Amino acid sequence: MEFTAKQIADFIGGRVEGNEQATIHTFAKIEEGQEGAITFLSNPKYTQYIYDTRASIVLVNDDLQLERPVSATLIRVPNAYECVAKLMQMYAASLPKKTGVDTLAFVAESAQIGKDVYIGPFTYVGDGVKIGVLSLLTPTIACWLNERAVMRSDSSQSAVSMLLAGSTI
């Protein structure tokens with residue numbers, strides 16, 4: 001997925017200096033920036049890299065004073081570091097969501113799996129477990145769901161709650 005400098009600036013409340021139609025499709029460190037990447041400059045220790053980066057777009061703090069012209073399109077914001085986090089969340093939300101059961105997962109026959117659930121590799125779902133709609137179990141989530149466990153998704157808060165043998169965790 002690609003985003004333009006204007007779209008990004010509108011989303012984070014920034015001001016574009018340069019080509020509003022510059023596009024990006026990935027993130028990069030400022031010293032490793034390539035065409036099609038967005039990067040940021042927040043720490044003055046890295047200022048030297050803004051002059052040589054090949055990144056298409058660089059997020060910078062409003063108060064940054066440049067000593068010479070740069071080739072990248074700049075987006076000026078109050079806090080570049082915070083805006084990167086916001087952009088990463090936007091990017092993650094734009095990615096297609098996985099659903100289904102990975103071939104390396106184990107799901108007991110008696111388990112009840114809700115709609116649009118993803119059960120990742122090396123996940124064990126035991127007998128009698130109920131996995132609610134939109135739940136996500138990935139290799140980075142360490143949990144063993146055994147008898148009488150219920151997992152539900154609260155989509156309004158994008159949070160996952162788990163009930164194990166009547167206890168709320």
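1. Start with Gly 100, which sits across from Tyr 118 of β11. The two strands involved, β8 and β11 (residues 118-119), run parallel and are joined by two bridges. For the bookkeeping, strands (E, at least two residues) and helices (H or I, at least four) are DSSP runs, numbered from the N terminus, and two strands count as paired if DSSP finds at least two bridges between them.

2. A word on what you're looking at: this is a predicted model, where local features need pLDDT of at least 70 and side-chain atom pairs count only at pLDDT 80 or more, while totals for chains, interfaces and linings use all residues. Residues are numbered from 1 along each chain as its sequence is written, and side-chain values use heavy atoms, with hydrogens and water left out.

3. Back to the sheet. It is an open one of three strands, in the order β8-β11-β14, and the pairing is parallel. The edges are taken by β8 (100-101) and β14 (136-137); each has a single partner strand, so one side of each has no neighbour in the sheet.

4. Val 107 belongs to strand β9 (residues 106-107). With 24% relative accessibility, Val 107 is partly exposed; the scale here is buried under 20% relative accessible area, exposed over 50%, and partly exposed in between (1.4 Å probe, protein chains only). If you skip residues up to four places away in sequence, Val 107 touches Val 101, Ile 113, Ile 119 and Val 125, contact meaning heavy atoms within 4.5 Å. Also, the C-alpha atoms of Val 107 and Asp 127 are 8.1 Å apart, with their positions 20 residues apart along the chain.

5. Now to Thr 4, in strand β1 (residues 3-4). Thr 4 is buried, at 15% relative accessible area. Apart from neighbours within four places in sequence, its contacts are Glu 20, Gln 21, Ala 22, Thr 23 and Ile 57.

6. Which residues of helix α1 (residues 5-12) are buried? Ala 5, Ile 8, Ala 9 and Ile 12 are. They lie on the same side of α1, because they cover an arc of only 100° around the axis, taking the directions from the helix axis to the C-beta atoms. The general background: an α-helix has 3.6 residues a turn, so residues three or four places apart point the same way. Just past the end of α1, Gly 13 has a positive phi of about 75°.

7. Helix α1 also carries a salt bridge, between the side chains of Lys 6 and Asp 10, at 3.1 Å from N to O. The criterion is a side-chain nitrogen of Lys or Arg within 4 Å of a carboxyl oxygen of Asp or Glu, and it gives three salt bridges. Lys 6 and Asp 10 are four residues apart in α1, about one turn of the helix. Lys 6 is partly exposed at 36% relative accessible area, whereas Asp 10 is exposed at 54%.

8. What links Arg 15, Glu 17 and Arg 76? A network of salt bridges. Glu 17 pairs with Arg 15, the closest N and O atoms being 3.1 Å apart, and with Arg 76, where the closest N and O atoms are 2.5 Å apart. That second pair ties together distant parts of the chain, with Glu 17 in strand β2 (residues 15-17) and Arg 76 in strand β7 (residues 73-77), 59 residues apart. As for burial, Arg 76 is buried at 8% relative accessible area, Glu 17 is partly exposed at 30%, and Arg 15 is partly exposed at 45%.
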